Amino acid sequence: MMKNILQQSNLDLLRAIEISEQLLNENDVFPEAESYKAWLVNAFSSIKTQIEQNSNWLQLNFTSIFPEILNRTQEQSRTYKFIISKYMPSIYRLRKEDHLCLKVLHWLHNQHPQSEEKPFAISDGGFAIYPLTQYPIIYFLPISSQHSLLYLPLFFHEFGHFLYVSHRNEMDDFVKEFQEKLETYLEPAFQQNNQQFQRDREKVRNIVETWYEWAQELFCDAVGLQIGGVSYLKAFSYHLRMNGRGAFLQRESDLERSSHPVVWLRTKFLAARAKNLNLTHEANDLENQWNIIAQTLGVTAEYYGYYSDQYYQDIVQMVDNMLIETAPISFQDQDQDIDEIDMGKHNFVQIMNCAWKHYEKDIMRYSIWESTVVSKII
Amino acid sequence: METKWLTVQSFQRNQNLLDLISKLLIHYKLELEGHDSLFGKGEIKEAEQEIKLFLEKLSGLVKSLEDKKGDPLTGTDYRLRNLARNFVDAKSKRRMYKSILFKTSPEPVLDMLQNNNISENLIDSLTELRRLLEEHISTDSSKIFGHL
């Protein structure tokens, strides 16, 4: 009976893959997405090989390994589902307008040895990434942002997550080192055996563990800034500053095991780093804008021990170490003070910085300027 | 700026571990029954090496949890911290998890893998580790695929 179920399920999966392969072959892609398509072709072929193995092994009638064949079939079904639901749409939904994002990402990947050979694609959604080692990278971004230069610097933050996984062991060590310092800052002075002490210990544990994820986000912001310069500061701020009170203040229970630090805190780190990169005017501007919104909302900063100025220097040091380890490119290597684009001369960071300059100078006329530039790019 | 990366990284890690465990279990079972292996020696060695690395990492986390109760787990993502805590919980579920891996610690299993000591103990331990990982990946899967 189990053998029949497994045979049917393997055949069913095989059929689904054959349909997917056909759909994949019918879709042409831009040159920047060729390696992504090739990866998908290989992935389907690899699952097919494993399905054929399952079918052959079932014929051997070794009943002792049926649980393993079941497990393999389930695992291959999950892999197929993952690919078809998350990776295939990037090919299937491909539109002419995708070319802008693909070109930007192709350029970004080519600037870093870690990503030079890594296939990638874009998909619809909020800004996010699948930064996996065994799969291509998918960058998600809202449909409206796919057509504009202004929010593409947020890709640089997402790219930071990929840099993190490319250097995971070293990066985890940096975070661990910081978490251990944090633990000593938060350690209750005297060990006691009462409920309050246990509650305090649990809070310390929550804070220290939460910082694993927060550290990665602050690193990604630093990557965004280092690559994108002013364009990242602007995109970050415009994208997040109307998110409401939650961007400034969160309840203690919401901070517990949250994946991102409060956005206001992130702006504090971004502004400080920007000042060190000689973006003093832009950094002050960013801080002032967020402070004015906070004032209007009647919010004052409260982090319930999840952040204190006591940690500041250690966090900065940790992020500095991470940047040295991963070595993202720097906007400072090119002149950013340009007013008009020369396609043969300027790179995408310069184009994005120029775009923000035009946008803030005259929002009403920006779209005309942008569509001319984008049409030259694609 | 969303946290998809956390879930998909855990999904990829668990899928990979499940694949390796299946491979090893097939190989060990057939070897104990006196059949030829379905895999090359290099493939098995590589799978053993990866499982050993994972068990070493898990062992360190489990030791931290057991020796320093209430202390934070550092340098590790949320999903792996969760897995380590689920592992410690599973040790108290004696009916479901009765292999040497859960009765004692990952060390004896690491020794068996190191010394190529293929036994029912090793098979039972890997089978139960697979069960724990299957529970874990179902959470990742629901977040990625949703429910029907």
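In this predicted model, the contact between the two chains draws on 42 residues of chain A and 34 residues of chain B. On the chain A side, several elements chip in: α3 (66-92), β2 (128-130), α5 (154-166), α6 (168-186) and α7 (195-228) each bring at least two residues to the surface that touches chain B. The top contributor there is α3(A), which supplies nine residues. Sorted by class, the side of chain A that touches chain B is made up of 16 nonpolar, 16 charged and ten polar residues.

One of those contributors, β2 of chain A, leads on to the strands of that chain. β2(A) pairs with β3(A) in an antiparallel fashion, with three bridges holding the match. The two strands make a hairpin, and six residues sit between β2(A) and β3(A). Within this part of the picture, Tyr130(A) has Ile138(A) of β3(A) standing opposite.

β3(A) also has a partner in strand β1 of chain A, residues 120-124. Here the run is parallel, and five bridges link β1(A) with β3(A). Ile122(A), for instance, finds its bridge partner in Tyr139(A) of β3(A). So how covered is strand β3 of chain A, residues 137-141? Mostly: of the five residues in β3(A), four are buried.

Put together, β3(A) pairs in parallel with β1(A) and antiparallel with β2(A), while β2(A) in turn gives at least two residues to the side that touches chain B.

Technical notes
Residues are numbered from 1 along each chain as its sequence is written. Chains are lettered from A and ligands numbered from 1 in the order in which they are written. This is a predicted model: local features need pLDDT of at least 70, side-chain atom pairs count only at pLDDT 80 or more; totals for chains, interfaces and linings use all residues. Two residues are in contact if their C-beta atoms, placed from the backbone, lie within 7 Å. Ala, Val, Leu, Ile, Met, Phe, Trp, Tyr, Cys and Pro count as nonpolar, Asp, Glu, Lys and Arg as charged, and the others, Gly among them, as polar. A residue is buried if 20 or more other C-beta atoms lie within 10 Å of its own, exposed if 12 or fewer, and partly exposed in between; C-beta atoms are placed from the backbone. Two strands pair if DSSP finds at least two bridges between them.
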